[in-house]
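Student: I'd like a close look at one part of this model, the way its helices and side chains meet. Please start with the terms for helix angles and then walk me onward from there.

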Amino acid sequence: MSDQSAAADVDVDLRQLFASLARNWLRILVITLLVTGLAFAFAWLATPHYKATTQLKIQLSESAYTRPAGTNEDDKPVLDAEGVATEVQVISSSDILKQVAADLKLGDKPEFNDALGMSPVTRLLVIAGLKSDPEEIPLEERVLTKMRDKLNVYGVEKTRVIAVEFSSEDPQLAADIPNAIAKAYLAYQADAKTKSNAAATAFLGPEIDDLQKQVRDAEAKVAAFRSAQSDLLMAGNNSVLATQQLSELSTELSRVRASRASAEATAERVRQALQNGGSLDAVPEVLSSDLIQRLRERQIELRTNIADLSTTLLDNHPRLRAMRSQLADLDGQIRNEAQKIMRGLLTQAQTAQARENQLISDVNKLKAASSRAGEEQVQLDALQREANVRRQQLESYMASFREVSSRKNYLPVDASVFSEARVPSEPYFPKLVPIVGAAFVGSLLLMSVITLLQELFSGRAMRPAPGARLDRIEQVAMPAMSAPVVDPEPAAVVAEEVVDQRTAMESELAPEPEQEPAPSVLEGAAAADPEPQSERVRSSLGEIDVEKAAEKLIASGAARAIFVSPEGDEAAASAVLVAREVSDAGLRVLLLDLTASGAASRPMLDSGLFPGITNLLASEAQFSDVIHADLYSDCHVVPVGTADPVRAMRAADRLPIIMQSLTTAYDLVIVECGPADAQGISRLVGDSTEVFMSMLQADDEVAQAAVELIESGYPDLTLVTPIGHETPGNPVPGRRSAA
């Protein structure tokens, strides 16, 4: 619960909240009826206004019989949303509105001319300079301003429809003006197309005459060039003859070069075979000779016979020798025949070389002729292209000129009126029942909301949230008091300083005369305690108890309460008890613990590990992180925190700002300072501040601390003791020193 923010400790009491409506029903009803009456008077006396609408459809209305040749329905442009928006601006343009105002003579009507029928009050305002003189503005501008205020031209969403809406005090004008605007818009479109056609005709006529002359000149240049350049003979494939011959000769030259190279290579192989004594069977040209084939057959036959006779005859037999001689002659004949073939191939190669040289000479001549023919052909092609371009442009202009000339008397506009404005029979403003009903419901709701907000802001509709207040736990007894021996001189000094203050406070807080004051806890304890009176009675410096301290804070309306505890942590219980008492009285109370040990906040949170004022000063947390709820009351508490105290004290100058913020948010901020002096609490004191000193025993330490505070500028110091007050929380025991 301690981790929740301050807003989580209260809930809205819906019953109490809505009960405020019943308590204030008369005020709500009177104001509602007053506003409703004013709305009824306004609706009854207001000048009625009438509204009428003309609708136009934006589309191409070209007839199928008058559409230009070569076009169809798919060729027409589609008017997109931007196009419709453009037409809306055209309809509401000043030129069209001026034309309508002139046709309907709107300048003669007081509705559109403020200078007509001015009331005496208006004239007095004009003379006094509180209102501009309408006559200083040109009549045309005044009429246009009024028309624009009453005109509304808009495109219907997801359509190509434009609505022209106009409102007027005269129902007839409310219908006539949008119809006149639509008619003027259609006339504007027709006039624009007429001007466009006239401009096109005026442009195309001279251009066509000029193009006709240019076409004639270009075609004459082509004819003259052809007659002058007779070398440009055209071949069958629509190319120049020289170029075609060059191509054919180049092909023949390539073939001759290939034949020559083949003959030379074959002759070289035959020569190498004859020189090296190799076989001629690997040369295809030698084998293809008929004579060599017959000689080879004869060789094979003789070798066969020699082989057959060698089996029966000796090697020196005359017959074998004759056959071997014939075989040698056959080899010689074959080699002689191969040499002839080689010489034939060389001759063939020489012939091919001569043919190649001749072809090269012819190709060179044709190259020059083809180059000249190519240049001439380029010039001829350029002249022909120019003539063709001129001719095509002339034909295009002539076709457009014929179309423009044929459409002089037929100019379809791209819009049509499909719904004309009708004279309205009922005004659109004012509507008596809706205005009065809306005024009644609106004022009723507004007054109800205002009443509810007042109830919320006053705090009367707030109640503690479920679980915010825990059941009281078993009472923890305060530390036992003993009667120390006190030097009467310091006590007498302090008593002398505070006696007047105590007397005044007791007189203010004393019960009614007829009521008998209840005995205090200490008196009851004295009656029940059998010990001697010297051990039960403690000395007094004029201190008050927790209840009276709370009553004093509530009665004085203090915004801050500074508690100083010279006796250490145990005396810090006074600040806790006073904070709870004031909180139980219904005020928003915050306790700020500035002790070193957290003696004031620890009994309220049951832990010292919560972020607090040191975290806020060290910029490690925000206000919402350091404010926690008391476990035993509706009071809120800011503990010491978990940040480094040395680092936090470097930002001690921020304490006045923090105190001002807390004072703004809470009705009362109670600060437990521990055994601080006057200089230590100077940063915490502000407007409406009460200074208290907590005490457990009236000893010299307390008396001396009180005297120092009174002498340091706090004469209204009040001593308060927690002795005898029941509390569920128990301050941390011990007499540790609080910084």
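Tutor: Angles under 35 degrees count as roughly parallel, over 145 as roughly antiparallel, 65 to 115 as roughly perpendicular, and the rest as oblique. The model is predicted, so local features need pLDDT of at least 70 and side-chain atom pairs 80 or more, while totals for chains, interfaces and linings use all residues. Residues are numbered from 1 along each chain as its sequence is written, and side-chain values use heavy atoms, without hydrogens or water.

Let's begin with helix α16 (residues 546–556) and helix α17 (residues 573–584), which pack with their axes 9 Å apart. (Helices are DSSP runs of H or I with at least four residues, strands are runs of E with at least two, and both are numbered from the N terminus.) The angle of this packing is about 55 degrees; axes are lines fitted to C-alpha atoms, for helices over the stretch in contact, and angles run from 0 to 180 degrees between N-to-C directions. α16 and α17 are therefore oblique to each other.

From helix packing we can move to paired charges. The structure holds 14 salt bridges, each a side-chain nitrogen of Lys or Arg within 4 Å of a carboxyl oxygen of Asp or Glu. Let's visit a few of them.

One of them pairs Glu356 with Arg257, with an N to O distance of 2.7 Å. This pair ties distant parts of the chain together: Glu356 belongs to helix α11 (residues 318–406) and Arg257 to helix α8 (residues 241–275), and the two residues are 99 positions apart. Have a look at how the partners are covered, too. Glu356 is buried because its relative accessible area is 6%, whereas Arg257 is partly exposed at 37%. (Buried means under 20%, exposed over 50%, and partly exposed in between, with a 1.4 Å probe and protein chains only.)

While you are on α11, stop at Met342, which is also found in that helix. Met342 counts as buried because its relative accessible area is 13%. Measure along the sequence and Met342 is 72 residues from Val270, yet in space their C-alpha atoms are 6.1 Å apart.

A second salt bridge to visit joins Lys98 and Glu140, whose closest N and O atoms lie 3.5 Å apart. Here again distant parts of the chain are linked: Lys98 sits in helix α4 (residues 94–104), Glu140 sits in helix α6 (residues 139–150), and 42 residues separate them in sequence. Lys98 counts as partly exposed because its relative accessible area is 33%. Glu140 is partly exposed as well, at 47%.

Now turn to a pair within one helix. Asp191 and Lys195 both lie in helix α7 (residues 171–228), 4 residues apart, or about one turn of the helix. Their side chains meet in a salt bridge of 3.3 Å, N to O. Asp191 is partly exposed with 36% relative accessibility, and Lys195 is exposed with 54%.

The backbone deserves a stop as well. Following α4, the loop between α4 and α5 (120–128) holds Lys105. Although Lys105 is not a glycine, its phi is positive, about 55 degrees. At 57% relative accessibility, Lys105 is exposed. Lys158 also has a positive phi without being a glycine, near 60 degrees. Look for Lys158 in the loop between β3 (151–155) and β4 (161–168); with a relative accessible area of 81%, Lys158 is exposed. The peptide bond between Phe429 and Pro430 is cis, with omega about 0 degrees. Pro430 is in the loop between β5 (415–419) and α12.

That brings us to α12 and its share of the surface. A nonpolar patch is formed by Trp25, Leu26, Leu29, Val30, Leu33, Phe440, Val441, Leu444 and Leu445, which together have about 830 Å² of accessible area. (Patches take residues with over 30% relative accessible area and no salt bridge, joining like charges within 9 Å and nonpolar side chains, Val, Leu, Ile, Met, Phe, Trp or Tyr, within 5 Å; areas are Shrake-Rupley values with a 1.4 Å probe, and for residues only the protein chains shown count as cover.) Helices α2 (25–45) and α12 (432–458) each supply at least two residues of the patch, and α2 gives the largest share, 5 residues. Leu29 is in helix α2, and at 36% relative accessibility Leu29 counts as partly exposed.
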